[in-house]
Amino acid sequence: MLDQILAIISPHNCKGCGREGSLLCRRCIFNITEHKNCSPQKDFYSVGRRRGVLKQLTDDYKFNSERAAATILAELFDAILPELPADTVITPIPTASAHVRQYGFDHTKLLAKKLAKRRKLKVASLLIRTNNQAQHFLKKAEREEAARTAFRLNKNLAMPTNVLLIDDVVTTGATLRAARDILKTAGVKNIKNAVVCYQNKNGV
């Protein structure tokens, strides 16, 4: 509701073309989603590579607390994802508590809720983060080691059959692999992965 009021009082400008009215206009949304599933990997979906307008939109959302971007990012997700089973549960990669305090909200959880509303699916935090270690400056081997101990299962929740695991950015894929392994061990049969953008050339 607050975002809608602010959009009327102080409308956004499109990050792609500068047109007033939205963080991303219809034409720029189409330009981004024209090429669906930007990774060749099975069951991995990405809106696109982390560059240009998509990078700016994602970074402003994550680092500058531009919460209105969650609605746009959820729309981009919705455009590139296939049809999902009706019992699919959307699970966000847990955000480090230090980042939640720093930026004032959990950006992956908010994005999961926005997407779930569009797709009429459930959201559940099936994973719990066990540390606050940032991975931005870690090398690949260090990321793999850090990711292996970054999460634990939320044992208060029943494990669904189908899960859509989402995150904002993937670099080496260590975080997604670690989270996916925990869910598979817990009995989740089918796991699809979706990220807003990827940084390497071949996805995850």
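**View 1. Ser-65 has a positive phi in the loop between H3 and H4.**
Ser-65 counts as partly exposed in this predicted model. Its relative accessibility is 29%, so it falls between the buried limit of 20% and the exposed limit of 50%. The loop that holds Ser-65 runs between H3 and H4. Phi of Ser-65 is near 55 degrees, and the residue is not a glycine. Most residues other than glycine have a negative phi.

**View 2. Lys-120 also has a positive phi.**
Lys-120 sits in the loop between helix H6 (107-119) and E3. Its phi is near 60 degrees, again in a residue other than glycine. Lys-120 has a relative accessibility of 72% and therefore counts as exposed.

**View 3. Phe-63 and Tyr-103 form an edge-to-face pair.**
The structure holds two aromatic pairs. One of them joins Phe-63 and Tyr-103, with 5.9 Å centre to centre and 70 degrees between the planes. The angle is over 60 degrees, so the pair is classed as edge-to-face. Phe-63 belongs to helix H3 (residues 52-63) and Tyr-103 to helix H5 (residues 97-103), so the pair ties together parts that are 40 residues apart in sequence. Phe-63 is partly exposed at 31% relative accessibility. Tyr-103 is buried, with a relative accessible area of 17%.

**View 4. Five strands make an open, parallel sheet.**
The strand order is E1-E7-E6-E2-E3, and the pairing is parallel. E1 and strand E3 (122-123) are the edge strands, each pairing on one side only. At one edge, two bridges link E3 to strand E2 (residues 89-92) in the parallel sense. There, Val-89 stands opposite Lys-122 in E3.

**View 5. Helices H4 and H8 pack on the sheet.**
Helix H4 (residues 69-80) touches E1, strand E6 (162-170) and E7. The direction of H4 makes about 125 degrees with that of E1. Helix H8 (residues 174-185) also touches E1, E6 and E7. The direction of H8 makes about 165 degrees with that of E6.

**View 6. Edge strand E1 is mostly covered.**
E1 spans residues 44-49, and five of its six residues are buried. Five bridges join E1 to strand E7 (residues 190-198), and the two strands run parallel. Phe-44 has Asn-193 in E7 as its bridge partner. Strands of a sheet pair through backbone hydrogen bonds.

**View 7. The largest nonpolar core has 35 residues.**
Leu-24, Leu-76 and Phe-77 touch the most other members of this core. Helix H2 (26-33), E1, H3, H4, H6, E6 and E7 each give two or more residues to the core. H4 supplies the largest share, eight residues. Leu-76 touches Leu-24, Ile-29, Ile-32, Thr-33, Val-47, Leu-54 and Leu-57, leaving aside residues up to four places away in sequence.

**View 8. A second core lies separate from the largest one.**
This core holds 18 residues. Among them are Leu-127, Phe-151, Val-170 and Leu-183.

Methods
Residues numbered from 1 in each chain as written. Predicted model: local features only at pLDDT ≥ 70, side-chain atom pairs only at ≥ 80, totals over all residues. Heavy atoms only, no water. Phe/Tyr/Trp six-rings, centres within 6.5 Å; stacked < 30°, edge-to-face > 60°. Helix = DSSP H or I, 4+ residues; strand = E, 2+ residues; numbered from the N terminus. Buried < 20%, exposed > 50% of the residue type's maximum accessible area, 1.4 Å probe, protein only. Pairing = 2+ DSSP bridges. Contact = heavy atoms within 4.5 Å. Axes fitted to C-alpha atoms, helices over the stretch in contact; angles between N-to-C directions. Core = buried A, V, L, I, M, F, W, Y, C linked by side-chain atoms within 4.5 Å.
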